[in-house]
Amino acid sequence: MAIRSFFVPFLLFVLCFYSSLCPVLSLYEDQVGLMDWHQQYIGKVKQAVFSTQKTGRRRVIVSTEENVIASLDLRHGEIFWRHLLGSNDVIDGIDIGLGKYVITLSSGGSILRSWNLPDGQLVWESFLQGPKQSKSFLLVPTNLKTEKDNEIVVFSNGRLHAVSCIDGEVLWKKDFEAESFEVQQVIKPPGSDLIYVVGFAASSQFEMYQINARNGELLKHESATLSSGFLREVSLVSSETIVALDSTGSILLTISFQNGEISFQQTPISNLYEDSAGPAVIIPSSVPGIFAIKTNAITIFIRVIGEGKLEVVEKTNHETAVSDALPISEGEQAFALIQHAGGEMHLAVKLAHDWDSNLLKESIKMDQQRGLVHKVFINNYIRTDRSHGFRVLIVMEDHSLLLLQQGLIVWSREDGLASIIDVTTSELPLERDGVSVAKVEHNLFEWLEGHMLKLKGTLMLASPEDVAAIQSMRLKSSEKSKMTRDHNGFRKLLVVLTRAGKLFALHTGDGRIVWSHLLRSLHKSEACQSPIGLNLYQWQVPHHHAMDENPSVLVVSRCGPSSDAPGVLSFVDTYTGKELSSLSLAHAATQVIPLPYTDSTEQRLHLLIDSDKHAHLYPKTSEALNIFKREFSNIYWYSVEGHNGIIKGHALKCKCTGKVADEFCFDTRELWSVVFPSESEKIIATVTRKLNEVVHTQAKVIADQDVMYKYISKNVLFVATVAPKGSGEIGSVTPEESWLVAYLIDTVTGRILHRVTHHGAQGPVHAVFSENWVVYHYFNLRAHRYEMSVIEIYDQSRADNKDVWKLVLGKHNLTSPISLFSRPEVITKSQSYFFTHSVKAIAVTSTAKGITSKQLLIGTIGDQVLALDKRFLDPRRSVNPTQAEKEEGIIPLTDSLPIIPQSYVTHALRVEGLRGIVTVPAKLESTTLVFAHGVDLFFTQLAPSRTYDSLTEDFNYALLLITIVALVAAIFVTWRLSERKELQEKWR
Amino acid sequence: MAPIARLLLLVLLSTALTISSGSGDGYTINGRVKIPQGLGTKGFALPGKMSNIKVILNGGQIVTYLRPDGYFSFQNIPAGTHLVEVAAIGYFFSPVRVDVSARNPGKVQAALTENRKGLSELVLEPLRDEQYYEIREPFSIMNVVKSPMGLMMGFMLLVVFIMPKLVENMDPEEMKRAQEEMRNQGVPSLASLLPGGGRN
């Protein structure tokens, strides 16, 4: 009897025991990659240098527009090593010196660095200064045989330097101080001891300096004047001849400076090519004997024969790209030429002196979504039959990098993802019959086997092979990368817009690219010369009425850099990646306001404000107009004019009058404006709440059974201003002359709800606004440390709704309408703490219902993302919290915020060049999805209060099942035994 | 680890001068990063490679990397109070406040901002190493037994196996009485709940 009655609690107990085996505090090392993924990119390649020595791995060294220097594996395109330089340390040139150093010139030619080729270790660093700004050139001798010939020639800031390749020591230098002299080329003919520095002075004078490469001695200085002047670009056709255009762009000038004698040869372009109209431009290249000009979208290749005579060798209206010349054997140089024709790409490798024959001619089918070729780099290898083979590295319009060899794409890198402008998410399709789904259902035996392995793992009985099998099984889990919506909402599409104007959809499960689309509207065209992608908005999110519609996103872009350039809208289906339609607007889109209204097909209404302060409603349908008219008087917005320190509030007035009048255009009126005194305050940051944030409850129960009401309004704006003097870098200002003022402004009425001044503080300010609080990060000059402050804002008008009876009897004001025109009774609480690191971005976790406690996600200067509980930034923290406060979870006050290494969500990884952190709620309340982007991408799931509403990934069902079976068996056995025993006792 | 080892050999050569007046409009900050032995070696997380350690001035104004001997330098720095940070995976470095004085160039003024410790020369060492992962405790019986669940289980086993022995040692008369009482009270037992259990 006694035995039996113990089994029920025992069973329960065993259950509890096993489910609690794996507490989710933070990450174990073997859990890396289970819920997170990390992708490394480099950005659009600017320059590439091949290193194909006989020994060692073949690699290519690249510098990119994201300011990355990287060494890539030539076989697979993987990164060997990579360094991201500072944002104002732009790379000017790279090369390989002595076959073992990567030489980089950066910061406008003032920093020369040498990196070890195999591992990327910095070897030396030289700072080059000079008298004035100029173009910079890096010349590294290609001759690898002679160890003595190890001088790098650098021209920068108006000074010519010869630097030792071994230790970075400056051997000699020579200034070019002539006021107006602008250097165009620095030439070192191979095998000679001369350096030519050529350039223009005073726009019509050509200057040539001949310098001894051994000691920097000036040997000759010649100049010649040409009345018609020069355009800036020049093309080098031989070591002693350059080609330039005159200032009208219609006459080609062949300038030769053989033996120090300058001679001109003028050839009007119309002589070579009759139909030429309009100015031409020289396409910079360095193929001996050949150069290219472009006029009216036609590219003309011209050969220089003998004494400055020119001859057209080819003209084409296809888009073309030419590589630099590559010496392949004694006196022979090859170059690659790529032309687009329809959907194909023609690659030709030619010898420089022989245009008509091709060393190689291939056509390659290219994905239309990659656009045009922007850059070509060529490299050769010797085949087994001693003939030359060529491999070509190409950079496409979408910033991707591809290696072509033998007519095939050997590898490709989607480096456009290194420059993400905006991110939004989209749901995946619902799982339906007929929708093919990746194989998920494996048979029961496999399932059990997997769980048995896991069980072994938990009990630490697994052999190393087993551990590897477990790891691969977990990572492969097809469940997370399925293309359908899941119950927990973990699987989504991340839709990202890159600087190249390409949209990518990444799967949150494994980060793979589901589709990509180069936006046609962001293509260069006649109407739109330099389109720039700006923002992504969710245009249509079907859930109730329009289930059969696919969701779509709105891409807002504009033609040209100025904010009053006309806007372009594109609508892209997020399931297929097809561009549904695109609109070229007649007006600008300086501000896009997604309205909280949707039409019957769940298209969200958007209001676009143009530069003349007209509001335009999209979509342009009568249904949308009807909805809009109903809410006409409830629409308010604000605008920030950072340059003159004004924040303005706006509302709608009436239909447009004047030339742009149509039904969907509205005039606006200015409601209020806050003007910050320009001599003492400069706006450096404005932050508002996320539009889609969900707040679970307005009430906050505090320790003594008291209730505080959060002031939750979507119309509160956080503004930070600093003293104009203090808007520079740290170290440029003393604490006395710098201050930071934080404001909370109501954006409907323009009322300042709260204002606080931090004396001796300085920007940059990074802030995040959520619910009723704002957290901001700034620099405290007095303590010389970074600080983070929190402001919480509470509604006092509801403070007396504490009596239960009042609530029951309905004598409360909870349902009374809120008017922003009445003066809100608010109180604020704030507190400041020290924080160790500089910060690049701050975000806050967001969950589906807003119940789960919040964590701040702080992108630190080391490119890591730190999760910090909001509880650490609670203004109610005190040095000695009372017992009741402790029970409530208030942490004793410390002067600085803790940095717990285990709470880095990026664990041991770096999101190089971190720029933004995006959080998206999953359907499961406990979980939030975090996406951090910069040059790298990182995605993970976070559970700020642990996964209280689901079992962990590691939960071992097999163990549970076995335990239950064993227990049931045990129950029956013991029951039998006990029955028998009882029977025996009865017989007794 | 090789670069670190090489670095350690160079500890003796610590001549890190800090600030010198450079040509042009600014000053130069020279310093070095030193990672002492012992730190980072016990952790299972491989510390970031030496070549990936960045030194950052004023929150990103200038970024530089370390030379093989751990030295770094910033050039063209205006006079003022600056902040130097070291970003290294696996180590926690305190930011350092560096005063570049225009009046007496060459004077060293550096202090860790975390603990306000002054530095006589600009040699930056990590305050501690950072473990990014929880360490999985190896499975051991003692851990299970010591846990609250384990204690509960132990107690139950005790009751299940020792109690009957105690019961056996009791006076048969007394036991009978107790059983009678229990039957009268009708204590529900598992057997009676199970199908067929009511038959006894």
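Okay, a definition to kick off: strands here are DSSP runs of at least two residues, marked E, and they're numbered from the N terminus. What we have is a predicted model, where local features need pLDDT of at least 70, side-chain atom pairs count only at pLDDT 80 or more, and totals for chains, interfaces and linings use all residues. Residues are numbered from 1 along each chain as its sequence is written, chains are lettered from A in the order in which they are written, and side-chain values use heavy atoms, leaving out hydrogens and water.

So, cavities: sets of points on a 1 Å grid over the protein atoms alone, where a 1.4 Å probe fits but cannot get out. Volume is the space filled by probe spheres set on those points. There are 4 cavities of 30 Å³ or more, and the largest holds about 120 Å³. It has 14 lining residues, and His837(A), Gln864(A), Val86(B), Ala87(B) and Tyr91(B) sit closest to its centre; lining means having an atom within 4 Å of a point.

In chain B, strands E6 (80-87) and E7 (91-92) each put at least two residues into that lining, with E6(B) giving the most, 3 residues.

Over to Ser738(A), in the loop between strands E52 (716-722) and E53 (739-746) of chain A. Ser738(A) is buried, at 1% relative accessible area, where buried means under 20% with a 1.4 Å probe, protein chains only. A polar atom of the Ser738(A) side chain lies 2.8 Å from the backbone oxygen of Ala761(A). Leaving aside residues up to four places away in sequence, Ser738(A) also touches others, including His759(A), Gly760(A) and Leu781(A); contact is heavy atoms within 4.5 Å.

Conventions. On a 1 Å grid over the protein atoms alone, a cavity is a set of points where a 1.4 Å probe fits but cannot get out, and a pocket is an open set with protein on both sides within 12 Å along at least five of seven lines; lining residues have an atom within 4 Å of a point. Helices (H or I, at least four residues) and strands (E, at least two) are DSSP runs, numbered from the N terminus. Buried means under 20% relative accessible area, exposed over 50%, partly exposed in between (1.4 Å probe, protein chains only). A polar contact is a pair of N or O atoms within 3.5 Å; within protein, one must be able to donate a hydrogen and the other to accept it, and residues adjacent in sequence count only if both atoms are side-chain atoms.
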